[in-house]
Amino acid sequence: MTQHITVTHTHGERISVASGGVELMAYVYRPDPEAFEARKPYAHPLRTLAGNPVSGYRPSDHRWHKGLQMTSSHLSGQNFWGGNSYLGPEQGYQHVEERVGSMRHDGFEEFAVADDRLRFVENLTWVAHPSAQHSGGQEWAREVRTIELHSVEPEEGTWALDWSIRLTNIRGEALHFGSPTTAGREMAGYTGLNWRGPRDFTGGDVIGPDGRGGEGEKGASDLMGTPAADAPWVAFTGEHDGVDGHSTLLFAHAPENLDNTESIHASHWFVRSEPIPSVAPSWAFFEEFELPPGESFGYRYRVVVADGAWDRARAEGYLKNHGW
């Protein structure tokens, strides 16, 4: 049986969702002030039903990592990920402020709260940096983002978050999506919906379907770069500091992401356990793709937040019993 939720909307700033006396998620759509961190909405904190934190915010190693957020690390010379930009093997990462774009919150076209479910549809605009050469301050893309928090189940110790994106090119010329790997950095294809875990999840266990993955960094290394068609889900388990126990996050592709009818490009997993805990279903891991003017693409994902350490059978059982 699902449990009721309480939604608190601080207009112009954030949306908080609580259940059983625990704030499960805050969605912050008033961006942080530092432009170099790629100002954009993010979900943090994320907590389990037991109240244990499962997201990191502005860690000392990457200040632009903020919970769960939509990113694009390489987009036609702009960086909608935040922080240093990777400029190729000869130059490496460089601090180039004019390369860092932003995502502007334009409003909600739908906002619905039920006893056990929150669903909202947000309109955003992706904007190039104001001082970017040839494109300063230009609006490049319109995004329609749908967030749905649901299936709060105390008996299972779980709740779920569905996050979908539909992005349309409004620039007037093609947009080229890539990653550090497409720019020459081996096995660093991060881009798209990215989760940064808390510091105590470093070295956590990572598993996927069909025997993929394993414990700790070995599991992350096994799954790094794996096509979503071969591994439609990835689970990351960490052990908490301060309290006795583990938590698991399960990341899954919606079925339509895998057949390439709705998705413009095949996805691959970016997964790290060391030196930082991070997971992203990357849409441009190994190859760039082009979005022509006026064209759109879309993806839909699910993140399940669970108390306890899950094994492969528990992850597969959950996905089987909870439809899309």
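Select strand S5 (residues 68-71) together with strand S14 (residues 192-196): the two pair in the antiparallel sense over four bridges, where strands are DSSP runs of E with at least two residues, numbered from the N terminus, and pairing requires that DSSP find at least two bridges between them. The model is predicted, so local features need pLDDT of at least 70 and side-chain atom pairs count only at pLDDT 80 or more, whereas totals for chains, interfaces and linings use all residues. Residues are numbered from 1 along each chain as its sequence is written, and side-chain values use heavy atoms, with hydrogens and water left out.

Within this pair, threonine 71 has glycine 192 of S14 as its bridge partner. Now show the side chains of S5: Leu68 and Met70 on one side, and Gln69 and Thr71 on the other, are all buried, that is, under 20% relative accessible area with a 1.4 Å probe and protein chains only.

Move next to the open sheet of nine strands, whose order is S9-S10-S11-S12-S22-S18-S17-S15-S16, with antiparallel pairing. Strand S9 (102-114) and strand S16 (213-214) stand at its edges, each with a single partner strand, so one side of each is left without a neighbour in the sheet.

At the S16 edge, select strand S15 (residues 205-207), which pairs with S16 in the antiparallel sense over two bridges; here isoleucine 207 has glycine 213 in S16 as its bridge partner. Finally, add helix H1 (residues 216-223), a DSSP run of H or I with at least four residues, which lies across S15, S16 and strand S17 (233-239). The helix runs at about 35° to S15, the angle being taken between N-to-C directions on a scale from 0 to 180 degrees, with axes fitted to C-alpha atoms.

Key. Contact = heavy atoms within 4.5 Å. Buried < 20%, exposed > 50% of the residue type's maximum accessible area, 1.4 Å probe, protein only.
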